[in-house]
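Q: Please take me through this structure and give the reasoning behind each label you use.

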Amino acid sequence: MDVIRIILSILLPPLGVFLQVGIGLQFWINIVLTLLGYVPGVLHAAWIIARR
């Protein structure tokens with residue numbers, strides 16, 4: 001299941017974080033990072049998914 005989340009986080013980073021932790025602080029942080037730049041959003045999403 002983590003492989004699917006990683007692929008989704010590459011395509012749309014907030015979706016990968018949402019599937020991992022739901023709507024919470026990490027989800028909103030990821031949205032802000034994705035709006036500031038695509039790469040920080042992807043890195044944050046991959047970190048969240050790999051951490052849990």
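A: Buried means under 20% relative accessible area, exposed means over 50%, and partly exposed is what lies in between. The model is a predicted one. D2, in helix α1, has a relative accessibility of 38% and therefore counts as partly exposed.

Q: What does D2 touch, leaving aside its neighbours within four places in sequence?
A: D2 is in contact with Q20 and I49. A contact is a pair of heavy atoms within 4.5 Å. The C-alpha atoms of D2 and A50 are 8.1 Å apart, with their positions 48 residues apart along the chain.

Q: What makes the protein as compact as a globular protein of its length?
A: The protein has 4 helices and 0 strands, in the order α-α-α-α along the sequence. Its radius of gyration is 9 Å and the globule rule gives 10 Å for 52 residues; the two are close, so the protein is as compact as a globular protein of that length. Its C-alpha atoms fill a box of roughly 30 × 20 × 15 Å along the principal axes.

Q: How much of the protein is buried, and what supplies the area that it exposes?
A: Buried residues are 33% of the 52 residues. The protein exposes about 3,400 Å², and 79% of that comes from carbon and sulfur atoms.

Q: What share of the contacts with a separation of 6 or more joins residues 24 or more positions apart?
A: Such pairs account for 45% of those contacts.

Q: Why is G41 called buried?
A: The relative accessibility of G41 is 0%, and the limit for buried is under 20%, so G41 is buried. G41 belongs to helix α4, which covers residues 38-51. Outside the four places on either side in sequence, G41 is in contact with P13, N30, L33 and T34. From G41 to I10 the C-alpha distance is 8.9 Å, at 31 residues apart along the chain.

Q: Why does H44 get the label buried, with a relative accessible area of 10%?
A: The value of 10% is under 20%, so H44 is buried. H44 is also part of helix α4. Not counting residues up to four places away in sequence, H44 touches Q26, I29, N30 and L33.

Q: How do you know that the side chains of H44 and N30 make a polar contact?
A: The two side chains are paired at 3.0 Å. The cut-off for N or O atoms is 3.5 Å, and the pair is listed as a polar contact.

Q: Is V17 buried or exposed, and why?
A: V17 has 0% relative accessibility; this is under 20%, so V17 is buried. V17 sits in helix α2. Beyond four places in sequence, its contacts are G22, Q26, F27, N30, A45 and I48. V17 and I6 are 11 residues apart in sequence, and 9.3 Å separates their C-alpha atoms.

Q: What puts V21 in its accessibility class?
A: V21 has a relative accessible area of 29%, which falls between 20% and 50%, so V21 is partly exposed. V21 is in helix α2. Leaving aside neighbours within four places, V21 is in contact with Q26, I48 and R52. Its C-alpha atom is 11 Å from that of R5, 16 residues apart along the chain.

Q: And why is R5 placed in its class?
A: R5 has a relative accessible area of 17%, under the 20% limit, so R5 is buried. R5 lies in helix α1. Its contacts, not counting residues up to four places away, are G16, L19, Q20 and I49.

Q: Which residues form the nonpolar patch on the surface?
A: The patch consists of V3, I7, L11, L12, L15, F18, L19, I23 and W28, and together they have about 910 Å² of accessible area. Two or more residues of the patch come from α1 (2-11), and likewise from α2 (13-21).

Q: What makes L19 eligible for that patch, and which accessibility class does L19 fall in?
A: L19 is in helix α2. Its relative accessibility of 38% lies between 20% and 50%, so L19 is partly exposed. A patch residue needs over 30%, and the 38% of L19 is over that cut-off, so L19 meets this condition.

Technical notes
Residues are numbered from 1 along each chain as its sequence is written. This is a predicted model: local features need pLDDT of at least 70, side-chain atom pairs count only at pLDDT 80 or more; totals for chains, interfaces and linings use all residues. Side-chain values use heavy atoms; hydrogens and water are left out. Patches are made of residues with over 30% relative accessible area and no salt bridge: like charges are joined within 9 Å, nonpolar side chains (Val, Leu, Ile, Met, Phe, Trp, Tyr) within 5 Å. Accessible areas come from the Shrake-Rupley method with a 1.4 Å probe; for residues, only the protein chains shown count as cover. A salt bridge is a side-chain nitrogen of Lys or Arg within 4 Å of a carboxyl oxygen of Asp or Glu. Buried means under 20% relative accessible area, exposed over 50%, partly exposed in between (1.4 Å probe, protein chains only). The radius of gyration is taken over C-alpha atoms; the globule rule is 2.2 Å times the number of residues to the power 0.38. A polar contact is a pair of N or O atoms within 3.5 Å; within protein, one must be able to donate a hydrogen and the other to accept it, and residues adjacent in sequence count only if both atoms are side-chain atoms.
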